[in-house]
Amino acid sequence: MDGGVEVEEMDIVIAGGGICGLATALALHRKGITSVVLERSETLRTSGAAIGILTNGWRALDQLGVGSKLRETSIPLQGARDIWLDTNKQRASPLSKGEFRCVKRRDLIQMLAEDLPHGTIQFGCHILSLKLDPSTSYPTLQLLNGRTIKAKVLIGCDGANSLVAEFLKLKPKKIFSHSAVRSLTNYPTGHGLVPELFRTHKDNMLCGRVPINQNLVFWFLLLPGYTQDTMIFNDPELIRRMSVEKINGFPNEIVRMVRDCDTSNLSLTHLKYRTPWDVLVGNFQRGTVTLAGDAMHVMGPFLGQGGSAALEDAVVLARCLAHKTRDQADLNGNGMQIVQAKVGEAMDAYVKERRMRLVGLSAQTYLTGLLLGTSTTLVKLFIVVLMAVLFYDPLLHTGYDCGPL
Ligand SMILES: Cc1cc2nc3c(=O)[nH]c(=O)nc-3n(C[C@H](O)[C@H](O)[C@H](O)COP(=O)(O)OP(=O)(O)OC[C@H]3O[C@@H](n4cnc5c(N)ncnc54)[C@H](O)[C@@H]3O)c2cc1C
């Protein structure tokens, strides 16, 4: 009891049960370490339609033990093809050093969740505030449902608007000049499309389309600017109508795909990012508190790497924690100062290992987004030259191996 309020004590708490929170809990579980995921929604969050996963992401999924099962839900893709309708130009390009598939988020989230021990995910747990206990320096969480939880370890996987990132005093994230609409379209008799990412560009807009299997297609629109009309975000029918209007002049098959989409999977998002220099210098650890996933490095979808980077974080963090604390007994059986020192060392090793990988991904994503949002030829040229110098092999990021769990 703390001032009349009952305080629950837990070893490892993961804030947020999205891709990163679930992957982190699963990675820890595979290493014999128990954790609790506090998720504010009442059920698994499967919004966002689908996600492209490149070689590096599949490597992380294999380490988590769900790669083979997830592969059964999607077809392998060959590469990318771009068409610019304004200039009638076309270009085919590779997209990954190895594997590239697009999976339904629902499949990914469910597979991560179903391998977790019963009771690991606690739904309806909206974390309202976070402070350090003055006597133990352990993080204490206040939930909307009235619960108070003291954790030995806190991993903030609470996404782009992270409360844990705020606690660590990271700079606020920024917003790209584009917004994105995403959904799935089902073709009951088969879509007959080439298994590739196909991007159509027109008037500073972009429509991408990727088959998931023989019947299902994931598509996204990148639209210049972002709406101030908050009503539209909660109304899929409004998003659908706005999208169809925006792509007036695109080929009929694309307009039909957007018009006939599954509105239950339709979403409109402002694209947020942490600047590469904030990722370079940001403070990602304090005591036994750290971050992973979008909370640490939200980066925009231009490389399709945000989710895969979150999977890599999960593998590396669990490896570092398991290495320093050996097993759960180390968290339970040792005195406070020993736990804090060991966990602190583990988190330090994790942040060191991840930082430059994340700076590279953030910088390449940022420049790609900047290029897309710029109409000035001179600025475009400057960005192209800078990218050619910094990222001489633009697919290098897909060949990354986060190593064994
Ligand atoms: C348009 C678009 C396309 C994308 N395409 C790709 C792609 O093709 N490939 C790819 O790899 N990545 C892609 N991404 C990025 C990817 O979606 C994210 O990087 C990934 O979802 C991050 O997962 P996360 O678990 O860190 O965060 P989230 O998915 O945001 O999960 C955070 C979780 O925390 C919970 N939460 C938040 N606050 C609290 C709180 N206070 N208390 C309790 N729970 C809380 C939320 O409910 C949520 O479940 C794309 C992103 C966008 C916007």
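Helices (H or I, at least four residues) and strands (E, at least two) are DSSP runs, numbered from the N terminus. The exercises below concern a predicted model, in which local features need pLDDT of at least 70, side-chain atom pairs count only at pLDDT 80 or more, and totals for chains, interfaces and linings use all residues. Residues are numbered from 1 along each chain as its sequence is written, and side-chain values use heavy atoms, with hydrogens and water left out.

**Exercise 1. Place Gln 340 in its helix and describe its surroundings.**

Step 1. Gln 340 lies in helix H12.

Step 2. Leaving aside residues up to four places away in sequence, Gln 340 touches Thr 136, Ser 137, Tyr 138 and Thr 288, where contact means heavy atoms within 4.5 Å.

Step 3. With one of these residues the distance can be stated, since a polar atom of the Gln 340 side chain lies 2.6 Å from the backbone oxygen of Thr 136.

**Exercise 2. Describe how domain 1 and domain 2 meet.**

Step 1. Begin with the bounds, which come from an automatic or database domain assignment: domain 1 comprises 7-76 + 104-173 + 274-399, and domain 2 comprises 176-272. Taken over C-alpha atoms, the centres of the two domains are 27 Å apart, and the contact takes 22 residues from domain 1 and 19 residues from domain 2.

Step 2. Turn to the buried area, that is, the accessible area (1.4 Å probe) that two parts lose on being put together, summed over both. Between domain 1 and domain 2 about 1,600 Å² is buried, 68% of it on carbon and sulfur atoms. Ala 49, Ile 75 and Leu 372 supply 32% of the area that domain 1 buries against domain 2, more than any other three residues.

Step 3. Count the polar links: there are zero salt bridges between the domains, a salt bridge being a side-chain nitrogen of Lys or Arg within 4 Å of a carboxyl oxygen of Asp or Glu.

Step 4. Look at the side of domain 1 that touches domain 2, where helix H12 (residues 336-373) gives the largest share, five residues.

**Exercise 3. Identify the residues closest to the ligand and give distances to its oxygen atoms.**

Step 1. The ligand is surrounded by 29 residues, of which the closest are Cys 20, Glu 39, Arg 105, Asp 294 and Gly 307; a residue counts here if one of its heavy atoms lies within 4 Å of the molecule.

Step 2. A backbone N or O atom of Cys 20 lies 2.9 Å from an oxygen atom of the ligand.

Step 3. For the arginines, a polar side-chain atom of Arg 105 lies 2.7 Å from a ligand oxygen atom, while for Arg 45 the corresponding distance is 3.0 Å.

How values were computed:
Polar contact = N/O pair within 3.5 Å; in protein donor to acceptor, adjacent residues only side chain to side chain.
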